[in-house]
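Dear colleague,

Here is the structure I said I would pass on. My notes on its charged side chains and cysteines follow below it.

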Amino acid sequence: MTSSFGRLFRLSTFGESHGPAVGVIVDGCPPRLPIKADEIQHDLDRRRPGQSRLVTQRQESDRVQILSGVHDGRTTGTPIAMMVANRDQEPGAYDHLEHVYRPSHADYTYEAKYGFRDHRGGGRASARETIGRVAAAAVARKLLATGPGIEVVGWVSAVNDIEAVAVDPSTVSQADVEADPTRCPDADAAARITEAIEGARRDGDSLGGIVTVVARGMPVGLGEPVFDKLDADLAKAMLSLPATKGFEIGSGFAGTRMTGREHNDPFEPGPDGPRTVTNHSGGVQGGISNGEDVVCRVAFKPTATIASAQKTVTTTGEPTMLEARGRHDPCVLPRAVPLVEAMLLLVLADHWLRQRALDVLVDGR
């Protein structure tokens, strides 16, 4: 099992949903980067459970502890270790699942692969693992803002069949997104999304949707063809998140309904080099950033745990019915926004450091 990600800006996450703690070790962060625990905590607070009536009511403060790699408010260049304790654990609430496979969860596949599984809330397959990613990405966010000046903002752009249309990726801010518990900055869509999520909860069901994310202030040249293209690494990063089922960049699948004349992004002169008139490419051409905004969309399936009876089988193959207990999100989308931002930040931080290393070699020739 691999729990590590990245080449130069590299992280390894650890911990289980109902174990003592979860966390991350970040290696490769340059020294002397100013970073405070409050900056990391800000993104963890956006991810934590219990933050609104629309999400799971598990009560976790998710307070981060920085164990190493930061001294006097600056990174030291050594590995940064961060940990969050699991306080509101109820592992006993999952005892009835020890010998039952939950539909559309990782129960059966984990046990088939490893011959053993942690049935307490999903173990490593739980979205609680993403705490480490979000903490690491808060460091990446500061690195990218301090270095190339990249800004990353994500938002809920669709839940079920409700789409946000009044959102401009070039100007939407985190304040706009955080103004509503749905994290949808389109007020009309947000109201309908709230109603839909509450309706799904009452019905013992769940909903899926889409998170859109944009990186603004992008430099030209990030991406390592041919196998580490920027868009290829973004696809892998996003699809490593729990409950993801699809990834698009730029025009995505809609581009298949366009002609080449419609889809091509014409160049025009810019103050720092060529710019494109349109951005169907989503800021990436040939696997390399072209300086335009990187725009991605990530599809999340409906939450697999629902409060309705479902057909399944036991670990010995006997048919049975299962009705979920415990505290679960009727829709993961509001809490998924900082996760999608995190994976974009981590990929960009890694590729920015890789490009800096390349630039040193080029300039030294």
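Asp233 is part of helix α6, which covers residues 230-239. Please keep in mind that this is a predicted model.

Asp233 is buried but has no salt bridge. The nearest side chain of opposite charge belongs to Arg354, 4.0 Å away. What Asp233 does have is a side-chain polar contact with the side chain of His351, at 2.8 Å. Leaving aside residues up to four places away in sequence, Asp233 touches Phe227, Asp228, Val347, His351 and Arg354. Both His351 and Arg354 are thus among its contacts.

Salt bridges elsewhere

Side chains of opposite charge can pair when their charged atoms come close. Over the whole structure, the search gives 21 salt bridges. Three of them are described here.

Lys142 pairs with Glu39, with 2.9 Å between the closest N and O atoms. Lys142 sits in helix α3 (residues 130-146) and Glu39 in helix α1 (residues 37-47), so this salt bridge ties together parts that are 103 residues apart in sequence. Lys142 is partly exposed, at 22% relative accessible area, and Glu39 is also partly exposed, at 30%.

Helix α1 also holds both partners of another pair, Arg46 and Asp43, which are three residues apart, about one turn of the helix. Their side chains form a salt bridge with an N to O distance of 3.1 Å, and both residues are buried. Arg46 and Asp43 belong to a network of salt bridges that also links Arg141, Glu178, Arg183 and Glu341.

The third pair is Arg275 and Glu292, whose closest N and O atoms are 2.6 Å apart. Arg275 is in strand β13 (residues 275-276), while Glu292 is in the loop between β15 (288-289) and β16 (294-300), so the pair ties together parts 17 residues apart in sequence. Arg275 is partly exposed, with a relative accessible area of 37%, whereas Glu292 is buried, at 8%.

Cysteines

How many disulfides does the structure hold? There are zero. For Cys184, the closest cysteine sulfur is that of Cys331, and the 11 Å between the two sulfurs is too far for a bond. Cys184 is buried, at 2% relative accessibility. Cys29 counts as buried too, because its relative accessibility is 4% and the cut-off for buried is under 20%.

Best regards

Note on methods:
Residues numbered from 1 in each chain as written. Predicted model: local features only at pLDDT ≥ 70, side-chain atom pairs only at ≥ 80, totals over all residues. Heavy atoms only, no water. Disulfide = S-S within 2.5 Å. Buried < 20%, exposed > 50% of the residue type's maximum accessible area, 1.4 Å probe, protein only. Helix = DSSP H or I, 4+ residues; strand = E, 2+ residues; numbered from the N terminus. Lys, Arg positive; Asp, Glu negative; His and termini not counted. Polar contact = N/O pair within 3.5 Å; in protein donor to acceptor, adjacent residues only side chain to side chain. Contact = heavy atoms within 4.5 Å.
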